[in-house]
Amino acid sequence: MSPPITSLLNVRPPRMAWNIRVRVVRLWRIMSSLVRGRVIFMEMVLLDQDGNRIQATIPPDCVDRFQNTFHENRVYMFSNFKVLPNDRSTRVTSHNHRLKLWEETVVVNHDGYIIQRFGFSFFSSAQILEHQHGCGHLIDVFGLLTSLHYDFVVDARQNLATIARGTIECVLYGRFIGFFKGLLSRFGSALPVVVIQFAKICKERGRVVVRSVRDISRIMLDPPVAEVARWKNGLVLSLRRYDIDRVHVNPSINEFESSQFNRSFPRKTLEGLLATPEEGLFVVLAKVVDLYHVEKCWYALCRCGRLMNQGTGLYVCGQCNLTNFNISCK
C-alpha cells in the first residue's frame with residue numbers, strides 16, 4: 001500500500017516523516033566564489049497538485065548525492081525531509097516553511113503523475129502598487145510590453161539594466177538582458193505579452209517596480225498558459241455565444257474513464273463550467289463540433305503612423321529612427 005500523500009500546505013516542523021508528490025518548477029545552483037565550477041548548494045521551488053509552492057534546499061553535504069537527480073519540470077516523490085521556517089532574506093514563495101533535504105531523504109522519480117507545469121500565482125498591477133514598500137515573497141506578473149529602453153548603467157558587477165516600461169515598470173538585470181533580447185528577436189513584429197515568474201517588488205528612483213532576481217526569475221514571451229490566453233482573448237465570449245446544445249458528451253470512451261488524468265481532477269459538464277465559473281483544473285468529456293480562431297495582436301506604432309520594425313532587442317521606426325512607440329491593436 002502506497003503511503004498517504006500530504007499537501008504542501010500542511011507540512012510543518014518538527015515532523016520529518018512526510019510524503020509529498022511535487023513538480024520541480026525552478027532549480028538553481030549556488031556556485032563557489034573560490035573554487036571554479038563547484039556547487040555549494042542547490043535550491044528548488046516545488047509545486048504540488050493543489051497549486052501550493054514551497055522552497056527546498058539541498059545543503060552542501062548532500063549536493064554530490066542529489067546534483068544529478070533533479071531536473072526542472074520533472075515530478076518526484078519525496079519522503080523523510082526536514083521542515084524549517086521560511087526565514088531567508090529572499091523568500092521565493094509565500095509558504096511559511098521551507099524544506100531541507102538530508103542524508104536520509106528518499107527521492108523517487110514520478111513523471112507519470114500530472115501536476116501543472118508552472119503553477120503561476122499572478123499579481124495584478126493593483127496588488128503590486130499595494131506593496132510599494134515591498135512584498136514578503138517573490139511574485140509572478142504578466143502584461144503587454146508597452147515601451148522598452150535600455151539603461152546603460154554599470155553596477156558593481158558590470159551589469160547593464162534593462163527597463164520595460166508600462167503601467168508597472170519591469171526591470172531586468174545581468175544575464176536576463178541578453179536572454180530577453182534573444183526572445184524578442186525571435187518573436188516578430190507584434191508586441192508580446194511578457195511573463196516574469198519569481199520577481200521582486202521594490203522601489204527604484206522613487207517608483208514601484210518589479211525586478212528580476214539573479215538565478216531565480218524566469219522570463220517568457222507569450223507562453224501557452226491559461227491566464228495569458230484568457231487575458232489576450234478576453235472578448236471571445238462577447239464576440240460569440242457558445243451553443244451548448246451542439247456539444248455532445250460521449251460516455252463510451254472507456255480509456256478516458258480509467259485514465260490517471262480523469263482520476264486526478266473533478267469532472268464537470270460544459271454547462272456546469274459556464275454556469276458556475278471558478279478557477280482550477282477540471283475534466284470535461286465532450287465532442288468538438290467547431291473550431292475558430294480569434295486573432296488579437298498589438299503592434300508598435302511610431303508617432304509618424306508607421307509600424308516599427310523589431311530587431312536586436314528594440315523597436316525602431318525605419319523612417320524616423322525613433323524607438324519610443326505607441327500601441328496599435330489589430
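**Salt bridges, cores and confidence in a predicted model**

Arg88 and Glu43 form a salt bridge, with their closest N and O atoms 3.0 Å apart. This pair ties together distant parts of the chain: Arg88 sits in the loop between β5 and β6, Glu43 belongs to strand β2 (residues 39–47), and 45 residues separate the two. The two ends are not equally covered. Arg88 has a relative accessibility of 28%, so it counts as partly exposed, while Glu43, at 2%, counts as buried. The model is a predicted one, and a search of the whole structure turns up 5 salt bridges. As background, side chains of opposite charge can pair when their charged atoms come close.

Arg53 and Asp140 make another of these bridges, with the closest N and O atoms 2.9 Å apart. Here too distant parts of the chain are linked, since the pair takes Arg53 from strand β3 and Asp140 from strand β8, 87 residues apart. Arg53 is buried, and Asp140 is buried as well. Then there is Arg207, which forms a salt bridge with Glu169 at 3.0 Å between the closest N and O atoms. Arg207 lies in strand β14 and Glu169 in strand β11, so to speak a link across distant parts of the chain, 38 residues apart. With a relative accessible area of 29%, Arg207 is partly exposed; Glu169 has 10% and is therefore buried, the cut-off being under 20%. Beyond these pairs, Arg26, Glu72 and Arg218 are joined into one network by salt bridges that share partners.

Now for the nonpolar side of things. In soluble globular proteins, nonpolar side chains tend to be buried together. The largest nonpolar core in this model holds 40 residues, and the members that touch the most others are Ile128, Phe180, Val210 and Tyr315. Quite a list of elements feeds this core with at least two residues each: the strands β8 (139–144), β11 (169–173), β13 (193–204), β14 (207–211), β15 (218–221) and β16 (298–301), plus helix α3 (175–185). Strand β13 gives the largest share, 6 residues. Taking Ile128 as an example, and skipping residues up to four places away in sequence, its contacts are Phe123, Ile139, Val141, Ile168, Ile201, Val208 and Val210. Apart from this core lies another one, made of 24 residues, among them Ile20, Val39, Met42 and Leu99.

Some of the strand pairing can be followed around β6. Strand β3 (residues 53–58) pairs with strand β6 (residues 97–100) in the parallel sense, over 2 bridges. Thr57 has Lys100 as its bridge partner in β6. Strand β5 (residues 82–85) also joins β6, this time antiparallel and through 4 bridges. On that side, Lys82 stands opposite Lys100. Lys100 thus turns up in both pairings, as the partner of Thr57 and opposite Lys82.

Arg38 is worth a quick look as a surface residue. Its place is in the loop between β1 (19–31) and β2. Arg38 is exposed, because its relative accessible area is 52% and the cut-off is over 50%. Leaving out neighbours within four places in sequence, Arg38 is in contact with Ile30, Met31 and Ser32.

Zooming out, the chain has 8 helices and 19 strands. Of its 330 residues, 41% count as buried. The accessible surface comes to about 18700 Å², with 52% of it belonging to carbon and sulfur atoms. Among contacts between residues at least 6 apart in sequence, 63% join residues at least 24 apart.

Finally, confidence. The chain averages a pLDDT of 81, and 81% of the residues score at least 70. Strand β3 has the highest confidence, at 97, whereas helix α5 (residues 236–239) has the lowest, at a mean of 42. Two stretches can be picked out here. Over residues 153–159 pLDDT stays under 50, and the model has 7 contacts beyond four places in sequence for them. Residues 235–253 also stay under 50, with 24 such contacts in the model.

Methods: Residues numbered from 1 in each chain as written. Predicted model: local features only at pLDDT ≥ 70, side-chain atom pairs only at ≥ 80, totals over all residues. Heavy atoms only, no water. Core = buried A, V, L, I, M, F, W, Y, C linked by side-chain atoms within 4.5 Å. Buried < 20%, exposed > 50% of the residue type's maximum accessible area, 1.4 Å probe, protein only. Contact = heavy atoms within 4.5 Å. Pairing = 2+ DSSP bridges. Areas by Shrake-Rupley, 256 points an atom, 1.4 Å probe, with all protein chains shown as cover. pLDDT = per-residue confidence, 0-100. Salt bridge = Lys/Arg side-chain N within 4 Å of Asp/Glu carboxyl O.
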